[in-house]
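I opened this model to look up its ring pairs, its sheet and its helix packing. My notes follow in the order in which I checked things.

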Amino acid sequence: MCLILFSYRSHPVYPIIIAANRDEFYARPTSPASFWKDAPDLLAGRDLKDGGTWLGITRSGRVAAITNYRDPGTFKPDAPSRGGLVSSFLLGDESPEEYLLKVNHNIERYNGFNLILGAGGKFFSFASTTGAFCELKPGMHGLSNHLLDTPWPKVERGKRLLAIETSDYRDPCSDRIFDIMADGWRPEDRDLPKTGVTLEWERKLSSIFIGSDDYGTRSSTIILMNFKGEVSFIERTFSPGAAGYETKRYELRIPPGAYNPQS
């Protein structure tokens, strides 16, 4: 993922609202979200190059997502795929805290990343650059290719727009949330972050929805989970050079006892 917007225990009906964009090179082979044949309780897209994922949920209510930490000066070309960190958590039974302690022991193997992990209604964030993790506080959060809630323009814009959409008792409208994730606004050059890439790339990467000749937003995903454990998982996938998109929607129910968003 390159942008995750997360309304956590802020809405009166939906304590978990996630909207995320996955940005990737178009040449990287990918399958859209589905229940995996080799793990039928896991709903996620799949990286067909290395086998992991960037965002997923299980029938037992485990949720995980990852963003890369942008720092080309420390990039390791032989590092393992970070998507395996997401799928390993989703397919396991460790608590987020136990899993993140284990990840931290092997952190030097990977390029920089941020993880968001949830189980039992509690969510934690982890930054590989600091080795620290913490339980998320209720509120609106945003994560791009730096630390959680770093005030990059697109992060702040996305949080503000999602807060407006989820500010009352109505059910969040997935079409309007997808409109947020399709936003192409770019900030002025003076407001761009400086992450070690060229100014041209900072500009390309500065919008919520990204499009370029060989890299861009491949999919947008919305997860809506209410206090009953009813989940809507909606994904839009985009093909480079093609008009429109393909939408898939899944509904699932987290069993009683596996989900306690008020704990």
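Entry 1, aromatic pairs. I searched the whole structure for aromatic pairs and got 13. The model is a predicted one, and I read every entry below with that in mind. I took one pair for a closer look, Y8 with F123: the ring centres are 5.5 Å apart and the planes stand at 65 degrees. The cut-off for edge-to-face is over 60 degrees, so I logged the pair of Y8 and F123 as edge-to-face. I then checked where the two rings sit in the chain. Y8 belongs to strand β1 (residues 3-8) and F123 to strand β8, with the two positions 115 residues apart, so I noted the pair as a link between distant parts of the chain.

Entry 2, burial of that pair. Buried or exposed, I asked of Y8? Y8 has a relative accessible area of 0% and is buried. F123 comes out at 2% and is buried too. I also found that F6 joins Y8 and F123 in one aromatic cluster.

Entry 3, the sheet. I traced an open sheet of seven strands, in the order β3-β4-β5-β6-β7-β8-β9, with antiparallel pairing. Which strands stand at the edges? They are β3 and β9 (132-135); each has a single partner strand, so one side of each has no neighbour in the sheet. From one strand to the next I read an average twist of 10 degrees.

Entry 4, the two ends of the sheet. At one end, strand β3 (residues 30-36) runs antiparallel to strand β4 (residues 39-47), and five bridges join them. I picked out S34, whose bridge partner in β4 is A44. The connection from β3 to β4 is a hairpin through two residues. At the other end, strand β8 (residues 122-127) pairs with β9 over four bridges, in the antiparallel sense. There I noted F124, which has E135 of β9 as its bridge partner.

Entry 5, helices on the sheet. Helix α1 (residues 83-91) lies across β3, β4, β5 (55-58), β6 (63-68) and β7 (113-119), and I read an angle of about 170 degrees between α1 and β6. Helix α2 (residues 96-105) lies across β7, β8 and β9, at about 155 degrees to β7. I listed the buried residues of α1 as G83, L85, V86, S87, F89 and L90. They pack against β3, β4, β5, β6, α2 and β7.

Entry 6, L117. I chose L117, which lies in strand β7. Its relative accessibility is 0%, so L117 counts as buried. What does L117 touch, leaving out residues up to four places away in sequence? I found V63, A64, F89, P96, Y99, L100, K122, F123 and F124. I also took the C-alpha distance from L117 to K137, which is 13 Å across 20 residues of sequence.

Entry 7, a helix pair. I looked up helix α3 (residues 153-165) against helix α4 (residues 174-181): the packing angle is about 170 degrees and the axes lie 10 Å apart. That angle makes α3 roughly antiparallel to α4. On the α3 side, the contact uses G158, L161, L162 and E165; on the α4 side, R176, I177 and I180. I sorted the residues of this contact into four nonpolar, one polar and two charged.

Methods: Residues numbered from 1 in each chain as written. Predicted model: local features only at pLDDT ≥ 70, side-chain atom pairs only at ≥ 80, totals over all residues. Heavy atoms only, no water. Axes fitted to C-alpha atoms, helices over the stretch in contact; angles between N-to-C directions. Parallel < 35°, antiparallel > 145°, perpendicular 65-115°, else oblique. Contact = heavy atoms within 4.5 Å. Nonpolar A, V, L, I, M, F, W, Y, C, P; charged D, E, K, R; others polar. Pairing = 2+ DSSP bridges. Buried < 20%, exposed > 50% of the residue type's maximum accessible area, 1.4 Å probe, protein only. Phe/Tyr/Trp six-rings, centres within 6.5 Å; stacked < 30°, edge-to-face > 60°.
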